Amino acid sequence: MQLTLNNDVSMPALGFGVYQIPPDETAAAVSEALQVGYRMIDTAASYENERAVGDAIRESGLTRDEVFLQTKIWITDYGFDKTLHAFDKSAGKLGVGVIDLLLLHQAMPGEFDQTLGAYRALERLLAEGKVRAIGVSNFMVEHLRELRERTDILPAVNQIEMHPFFTQPAVRELNNAWGIRTQAWSPIGGITDYLGTGTTTFEDGTIGAIAAEHRRTPAQIMLAWQLQHGRSAIPKSVTPHRIAENFEVFDIELTSAQVTAIDALDTGQRGGPEPDEVTQEAFGKPIPEA
Ligand SMILES: NC(=O)c1ccc[n+]([C@@H]2O[C@H](COP(=O)([O-])OP(=O)(O)OC[C@H]3O[C@@H](n4cnc5c(N)ncnc54)[C@H](OP(=O)(O)O)[C@@H]3O)[C@@H](O)[C@H]2O)c1
């Protein structure tokens with residue numbers, strides 16, 4: 001299944017995320033994902049595994065244009081010149097000339113001028129053909145509004161925390177209104193599990209009952225729900241049978257009552273960092289050269 005971005009670039013709806021996969025395990029996981037059919041990989045400079053992602057893609061035998069590759073600039077590299085150089089670092093580690101989708105990882109609201117400088121560098125990279133699409137991640141309504149006022153090109157994608165327990169209606173509605181594709185991170189609610197703060201999405205009764213009706217797993221039902229809403233999703237796993245399971249979702253058709261029942265599970269409680277609290281001081285870390 002493909003999604004068309006606001007600059008007419010086509011992107012697979014379902015990708016493979018590699019956050020928290022140690023560098024020495026990343027190539028095996030990405031190889032497994034490519035083997036079962038994923039054609040989009042989501043990494044980030046801050047995940048420290050871009051090199052292994054590039055290795056796995058090269059070893060897959062797939063041609064460069066068969067895999068949609070996206071990565072993210074970390075806040076330490078914000079500012080026009082630093083972000084231009086950050087592209088060279090990421091492209092160098094990935095071993096590619098062109099990155100399909102390049103995102104700013106966080107808005108960094110307290111230092112928004114640096115964020116704007118970084119975004120203008122993405123616009124430059126797009127104009128130069130070094131990236132095929134540009135976007136943002138964890139941008140909230142006010143960040144998108146300021147970005148739109150002060151830059152030229154709307155993001156193609158806003159990657160945000162999005163799972164049945166946290167669905168960010170205001171951001172998602174603004175994304176939709178402005179033609180920005182919402183991409184779900186933690187799309188099956190992994191963060192409700194690895195943060196260990198109560199019932200997880202995998203144990204939720206409503207999702208479990210819908211999964212039983214379809215004879216599928218909760219993860220598959222959550223991914224079908226994301227896709228039926230027109231969102232892109234990037235589940236992560238290092239477990240081969242789950243990597244495969246999470247890709248076997250395109251035939252699932254939830255009823256509108258089932259979609260509504262999952263929508264109603266939103267608690268409004270964020271798992272990830274509060275976007276307004278992301279500062280260099282709290283989250284900065286150097287990103288090594290290629
Ligand atoms: N932009 C951002 O700020 C941001 C933040 C977080 C994540 N992300 C992106 O989003 C991707 C996915 O997010 P995520 O890793 O937080 O959460 P997720 O994909 O929702 O969940 C991953 C977790 O669920 C487990 N899992 C995977 N498939 C499963 C299945 N079928 N049944 C049961 N458990 C399953 C995984 O365990 P095993 O691996 O042990 O199988 C892992 O612990 C990341 O890899 C990253 O690319 C972006």
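In this predicted model, Glu50 is placed in helix α2, which comprises residues 50-59. Glu50 is buried and yet takes part in no salt bridge, the nearest side chain of opposite charge being that of Lys93, at a distance of 4.3 Å. Because a salt bridge requires a side-chain nitrogen of Lys or Arg within 4 Å of a carboxyl oxygen of Asp or Glu, the 4.3 Å that separates Glu50 from Lys93 does not qualify. When neighbours within four places in sequence are left aside, the contacts of Glu50 are made with Thr43, Ala44, Ala45, Thr71, Ser90, Leu94 and the already mentioned Lys93.

Helix α2 also holds a charged pair that does meet the criterion, since the side chains of Arg58 and Asp55 form a salt bridge with a distance of 2.8 Å from N to O. These two residues, Arg58 and Asp55, are three residues apart within helix α2, a spacing of about one turn of the helix. Arg58 has a relative accessibility of 46% and therefore counts as partly exposed, and Asp55, for which the value is 31%, is likewise classed as partly exposed.

A further salt bridge links Asp77 to Lys89, with 3.1 Å between the closest N and O atoms. Asp77 is located in the loop between β5 (68-73) and α3 (80-94), whereas Lys89 belongs to helix α3, so that the pair ties together parts that are 12 residues apart in sequence. Both partners, Asp77 and Lys89, are buried.

Arg270 and Glu274 form another such pair, their closest N and O atoms being 3.5 Å apart. Arg270, at 22% relative accessibility, counts as partly exposed, and Glu274 falls into the partly exposed class at 35%. Elsewhere, Arg64, Asp100 and Arg132 are joined into one network by salt bridges that share partners. By the rule applied here, the count of salt bridges comes to 11.

Attention now turns to the ligand and its surroundings. The ligand is surrounded by 28 residues, of which Asp42, Tyr194, Lys236, Ser237 and Thr239 come nearest. Several oxygen-mediated approaches can be described individually. In the side chain of Arg242, an N or O atom is found 2.8 Å from an oxygen atom of the ligand, and in the side chain of Ser186 an N or O atom is 2.9 Å from a ligand oxygen. At Pro187 the partner is instead a polar backbone atom, which is 3.3 Å from an oxygen atom of the ligand. On its own the ligand has 910 Å² of accessible area, and the protein covers 90% of this.

Tyr194, one of the residues that come nearest to the ligand, is found in helix α7, which runs over residues 190-194. With a relative accessibility of 41%, a value computed for protein chains only, Tyr194 counts as partly exposed. Tyr194 touches Tyr19, Gln20 and Ser186, when residues up to four places away in sequence are not counted; the last of these, Ser186, is also a residue whose side chain has an N or O atom 2.9 Å from a ligand oxygen. Tyr194 and Lys236, both listed among the residues nearest to the ligand, are 42 residues apart in sequence and are separated in space by 12 Å, C-alpha to C-alpha.

Conventions:
Residues are numbered from 1 along each chain as its sequence is written. This is a predicted model: local features need pLDDT of at least 70, side-chain atom pairs count only at pLDDT 80 or more; totals for chains, interfaces and linings use all residues. Side-chain values use heavy atoms; hydrogens and water are left out. Helices (H or I, at least four residues) and strands (E, at least two) are DSSP runs, numbered from the N terminus. Buried means under 20% relative accessible area, exposed over 50%, partly exposed in between (1.4 Å probe, protein chains only). Lys and Arg count as positive and Asp and Glu as negative; His and the chain ends are not counted. Contact means heavy atoms within 4.5 Å. A residue is near a molecule or strand if one of its heavy atoms lies within 4 Å of it. A polar contact is a pair of N or O atoms within 3.5 Å; within protein, one must be able to donate a hydrogen and the other to accept it, and residues adjacent in sequence count only if both atoms are side-chain atoms. Accessible areas come from the Shrake-Rupley method with a 1.4 Å probe; for residues, only the protein chains shown count as cover.
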